[in-house]
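Let us take a friendly walk through a protein chain together. Have the sequence and the 3D view open, and find each residue as it comes up.

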Amino acid sequence: MSFVFTTISATAGLAALSAATIGILAWERRQVTGARWLAWLMLAVTIWAGSAMLELSSSMLREKIFWSKLEYLGTLSAPVLFFLLAADYNQLDKALRLRSIAMLFLIPLLSLALAISNERHGLIWSSYQPSPSGYNLLIFNHGPLFWLLVAGYSYLMMLLGSLLLLRTLHFYPPHYRGQSLILMLGAIVPWAGNLLYLSGNIPLRGLDPTPLCFAITGMVFAFDLLYLRMLYVVPIARGNAFNAMGDGIVVIDPNKTVLDINPAAANLFGKPAAVLCGQPLQIAALLAVADQDGAHQVELNGPGSRAILEVRAFPIRESGVTLGGRMLVLRDISRQRRAEEALHQAYMQLKNRIDEIETLQDTLREQALHDPLTGLYNRRYLEETLSREISRAEREQQPLTFALIDLDNFKGVNDRYGHMAGDQVLCALADLLRRHCRQADIVCRLGGEEFIVVLPAADQRNGWMRLEMLRRRFSDLRYRVEAVEFSSTFSCGIACYPSDGNSFAKLYQLADMALYEAKAHGKNQVRLHGNPLQELTDIPLLQAHMVSKEP
Ligand SMILES: Nc1nc2c(ncn2[C@@H]2O[C@H](COP(=O)(O)OP(=O)(O)OP(=O)(O)O)[C@@H](O)[C@H]2O)c(=O)[nH]1
């Protein structure tokens, strides 16, 4: 083998080196869109430019032909790989299955086989001659299959790839079209180089600048895919977030025309975003808050639907400068609202139930402490409160009168006039006691025809006088059953705190003894335990101590 290195072969070598470097860089970042195919493309360019360098450096014709055939490996695969790169860049890679990719390489494989076996048929090149430029170049006179399979197919792939790149001008956000344009320019370079070569208009005839052009394209693509492309991610992610956001966003100009709207907002308005963009914002409730700061609640009523929105309006600023127009952020709080309403309803129901239960409890408590026939307190209440009253009397150094009342001959009333008449008498006594007792006094029915009256701050004398007054008034009452009129009397026994005792049991026991005395001595009388005040029977004195609520 004999080699003659020239400037041109060195340039091809530089192109191969550049392509190899870019290929390695791209392969390392192959997860980036397009980078994997850029790496493969650069491998093809490396083979192409490397073989070209060796072809250009070889001085032997046979060797030149050999490297030239190897060059076809790169020449044929580079346009297909360029197309695949462009498809990947357009995010069409998922549509390209392995089988379709293999199909794309069928013609290049056939072409390669034809190039290798060209000596037998001369369909790829029919002849060659040294270039008059003198740079150790060969000029090939291409055969018909070269134009059809090599040039034709390669141009087809390049054309399709370039069209796909053109598509990206619409595919990516408008303010990033600059980068797409750079990519387009990168794609034009091999076109230009190859056209020069095939048309024979290159100053050094026989020199194919295409691999060098592809190496330049590789640099441009690497710059775009591996550097600038990363910058795309942020706005694309932002755009995706805008579209994927659960909150609705509407951008309006100062005239309240919708400039942009995300799917969530369009969904709330019940119309596609494309229809709403460019139209005046026609929702009065939103217009009312569009110029206001802070959060506002707005109700949206659509056909058969109602949404409650929390709307926040923001001015649109860039680098601290207000640009005009507003951005409305709409948060659908209908579910939250409905949940709050349901919670409130549940709370109100619960509160009503608690109120009912409390009322019921109060009623039950009242019932538990009251006698159902007369409405007076019962024994239970007395037992609960008497010890408290005694403690208070003790604290205040006050006496307390405990009077036990029992109706006289009540069985006879029942027997003669009936049980209802008996009840009437019981109620009359209860009513009398209620009316003639103070608020601080405790009046209760123990059961049957037995009543107890507790008079705080009343000593023996005072207590006796008040019970005596009550006895007289009661005996004055008249009852009527059909045409028959009758009256009733009671006997009463009194025990007092502190002289007779300081417990319910003791006071009850002594009052009962006094009552027994009263019954034994003719009934219809009030007796003090121990009977110490028999002289207190004169009516004027009694009347002076009467506590009457009667008109
Ligand atoms: N109508 C009515 N009678 C009742 C009630 N509770 C008890 N009695 C009656 O009260 C009567 C009490 O009778 P006794 O204990 O013999 O007493 P008494 O007839 O008053 O005789 P003395 O106490 O000795 O005067 C009984 O007939 C009971 O049935 C009631 O709620 N209503």
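Asp441 sits in the loop between H16 and strand E9 (442–447); helices (H or I, at least four residues) and strands (E, at least two) are DSSP runs, numbered from the N terminus. This is a predicted model, in which local features need pLDDT of at least 70, side-chain atom pairs count only at pLDDT 80 or more, and totals for chains, interfaces and linings use all residues. Residues are numbered from 1 along each chain as its sequence is written.

Is Asp441 buried or exposed? Asp441 is buried, because 20 other C-beta atoms lie within 10 Å. By definition, a residue is buried if 20 or more other C-beta atoms lie within 10 Å of its own, exposed if 12 or fewer, and partly exposed in between, with C-beta atoms placed from the backbone. Asp441 touches Val453, Val454 and Leu455, leaving aside residues up to four places away in sequence; here, touching or being in contact means that the C-beta atoms, placed from the backbone, lie within 7 Å. Leu400 is 41 residues from Asp441 in sequence, yet their C-alpha atoms are 9.9 Å apart in space.

Now step back to the whole chain. The chain has 19 helices and 14 strands, and 33% of its 551 residues count as buried. Among contacts with a separation of 6 or more, 62% join residues 24 or more positions apart.

Next, look at the cores. A nonpolar core is a set of buried Ala, Val, Leu, Ile, Met, Phe, Trp, Tyr and Cys residues joined through C-beta atoms within 7 Å. The largest one has 51 residues, and Leu38, Leu41, Val45, Ala49 and Leu81 touch the most other members. Helix H2 (35–57) is one of the elements that give two or more residues to this core, and H2 gives the most, with 17 residues. Apart from this core lies another, of 44 residues, including Leu382 and Phe474.

H2 itself is mostly covered, with 22 of its 23 residues buried. From its first C-alpha to its last, H2 reaches 32 Å, close to the 33 Å expected at 1.5 Å a residue; the expected span is 1.5 Å times one less than the number of residues. Leu41 touches Ala78, Leu81, Phe82, Leu85 and Gly218, not counting residues up to four places away in sequence.

The ligand comes next. Which residues are closest to it? They are Phe410, Lys411, His419, Gly422 and Gly448, out of 16 residues that surround the ligand; a residue is near a molecule if its C-beta atom, placed from the backbone, lies within 6 Å of it. Strand E8 (400–407), helix H15 (410–417) and helix H16 (419–436) each supply at least two residues of this shell.

Two residues other than glycine have a positive phi, and the table sets them side by side.

| Residue | Phi | Loop | C-beta neighbours inside 10 Å |
|---|---|---|---|
| Asn409 | near 50 degrees | between E8 and H15 | 14, partly exposed |
| Lys523 | about 65 degrees | between H18 and strand E14 (526–528) | 15, partly exposed |

Another backbone detail is the cis peptide bond from Tyr497 to Pro498, with omega near 5 degrees. Pro498 lies in the loop between strand E13 (490–497) and helix H18 (504–520).

Finally, an unreviewed UniProt entry places the feature "coiled-coil region" at residues 340–367. In the model, that span is 100% helix and 0% strand, and its end C-alpha atoms lie 39 Å apart.

Terms used
Two residues are in contact if their C-beta atoms, placed from the backbone, lie within 7 Å. UniProt positions are given in the numbering used here, feature names are shortened, and annotations may be inferred rather than shown by experiment.
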